[in-house]
Amino acid sequence: SSSSRGTSTATAYHGPVVHSLSLTQLEVLPSALLVVSDGRVVSLDKDVARADVSHLLASRGVSADIVHVDEGFLCPGLIDTHTHAPQYPNNGLGGSLELLPWLQTLTFPLETRFSDLTLARRIFSQVIDRTLAAGTTTSCYYSTLHVDASVLLAQLCAEAGQRAFVGRCSMNRFCSDDYVEASTASSMASTKAFLAQVSSLPSIVKPILTPRFAISCTPDLLSALGELAAQTGLPIQTHIAENTSECAEIRRLFPASATYAGVYAAHGLLTPRTILAHAVHLDDAERDVIASHGAGISHCPASNTNLNSGAARVLDMLAHGIKVGLGSDCSGGCSLGILPQIRDARTVSRSLAFEGLAERGLSIAELFHMATLGGASLCGFDDVGNFAPGAQFDALWVKPRSPGMWVEDGEAVESVFEKWLFTGDDRDIATVWVQGRRVAGAEKA
Ligand code: GUN
Ligand code: FE
């Protein structure tokens, strides 16, 4: 695919591009030239006139198909740093419950059914299709405790072309009688069987160690997973400090640890590759522990509201230097994909500020960073989340179509982008690419 041989697979997109450079820097480029080859960004020129595109490419010896982004804009794909694929059928339920009874009455009974691979395939395929259409180019999935269903989820992500981390839940206590692992040894054997099978899949899908949460894992299971993470460098995902009753149960089960974060630290589960979901009820000492281990937090505002968990202090996390991404947490949260999380994160942050519990609400730059580049850093990526040269081309082409979006001819890109963030939906996502491959989109291919 070298351009010098005239067989280039390169595509040059010319027009509006929006992406995140850092927590405080949102870059809006009305007339960018973005060259993509072999699934990666080759170059991003910030300001190129339409009349100069061919000449500029020729002067660099780049032979590329030129695509004019003559409507809407390109932006990076959205990253869901925490969700449960098997819980999709329960989306919309549970809003009158809190975490522990919700798990027992709604969640575990549904997950138990994933011993049935026909059911698993039907539900997982829907989850992947619909989240890709909603712009989720990377997803961090929890499966169930079943090895076969978990491997199937990973296979389906690979087939559909969704970048994903897939975790088989480790859970050897607390859960219902017919939905629990028999022992630490059998749980670790299942995890190793899962890892072996997922290792043969395309690298777009990776396994992630998934102690469900400390209530559902005995101390020796937590330690065994911490040791496996240390030996292999595998990433880890779990839940932390979501609900006050959960936190009380943690204090009862782990009297030797002063805090919830301390429980995970004591078992080797806080690493730079750890994604902690929720973190609603943390104190400053715990935020320090999390920051010092380099672990990240998945902020799940829709779920935290729906399950009556509380309002997570995102500004405090950021002030401690903790990496923060967004998570849909299906079906604790009941809205699909990451756009609704951007909105709920803003609302929750403003509510905290209204009550004097935060200095201010979150900015658009911060929200979009969490949805893209910040989420990618939680996942351990240094080449996903924006359009820096060398980055994977995981991208959306947004063209206003949904009835809530009124866009004028010649309206500024910044304005169209803001309207889409807060009023748009998947009808506006014309094309979704992962690694340069078109994997979804409202527009006919
Ligand atoms: N804590 C342990 N398991 C779960 C789960 O499935 N969803 C949420 N939101 N919290 C959990
Ligand atoms: Fe969750």
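A residue counts as near a molecule or strand if its C-beta atom, placed from the backbone, lies within 6 Å of it. This is a predicted model, in which local features need pLDDT of at least 70 and side-chain atom pairs count only at pLDDT 80 or more, while totals for chains, interfaces and linings use all residues. Residues are numbered from 1 along each chain as its sequence is written, and chains are lettered from A and ligands numbered from 1 in the order in which they are written.

**Surroundings of ligand 1**

The residues around ligand 1 are His84, Leu99, Leu103, Thr107, Arg212, Phe213, His239, Glu242, Ser303, Asp329 and Gly332. Helix H2 (residues 99–112) gives the largest share of this shell, three residues. Helices (H or I, at least four residues) and strands (E, at least two) are DSSP runs, numbered from the N terminus. The classes used below take Ala, Val, Leu, Ile, Met, Phe, Trp, Tyr, Cys and Pro as nonpolar, Asp, Glu, Lys and Arg as charged, and the others, Gly among them, as polar.

| Group of residues | Nonpolar | Polar | Charged |
|---|---|---|---|
| Shell around ligand 1 | three residues | five residues | three residues |
| Side of domain 1 that touches domain 2 | 11 residues | six residues | five residues |
| Contact of H3 with H4 | 11 residues | one residue | three residues |

**Domains**

The protein chain is assigned domain 1 (3–76 + 389–440) and domain 2 (78–378), with bounds from an automatic or database domain assignment. Their C-alpha centres lie 31 Å apart. In the contact between them, 22 residues of domain 1 meet 23 residues of domain 2; two residues are in contact if their C-beta atoms, placed from the backbone, lie within 7 Å. On the domain 1 side, helix H15 (413–423), strand S17 (429–434) and strand S18 (437–440) each supply at least two residues.

**Helices H3 and H4**

Two packed helices are described by the angle between their axes and the distance between the axes. For helix H3 (residues 117–133) and helix H4 (residues 147–160), the angle is about 35° and the axes are 10 Å apart. Axes are lines fitted to C-alpha atoms, for helices over the stretch in contact, and angles run from 0 to 180 degrees between N-to-C directions. Residues making the contact include Phe124 and Ile128 of H3 and Leu152 and Leu156 of H4.

**Backbone details**

The peptide bond from cysteine 330 to serine 331 is cis, with omega near 0°. Serine 331 is in the loop between strand S15 (323–326) and helix H12 (339–354). Histidine 278, in strand S13 (residues 274–278), has a positive phi near 85° and is a residue other than glycine.
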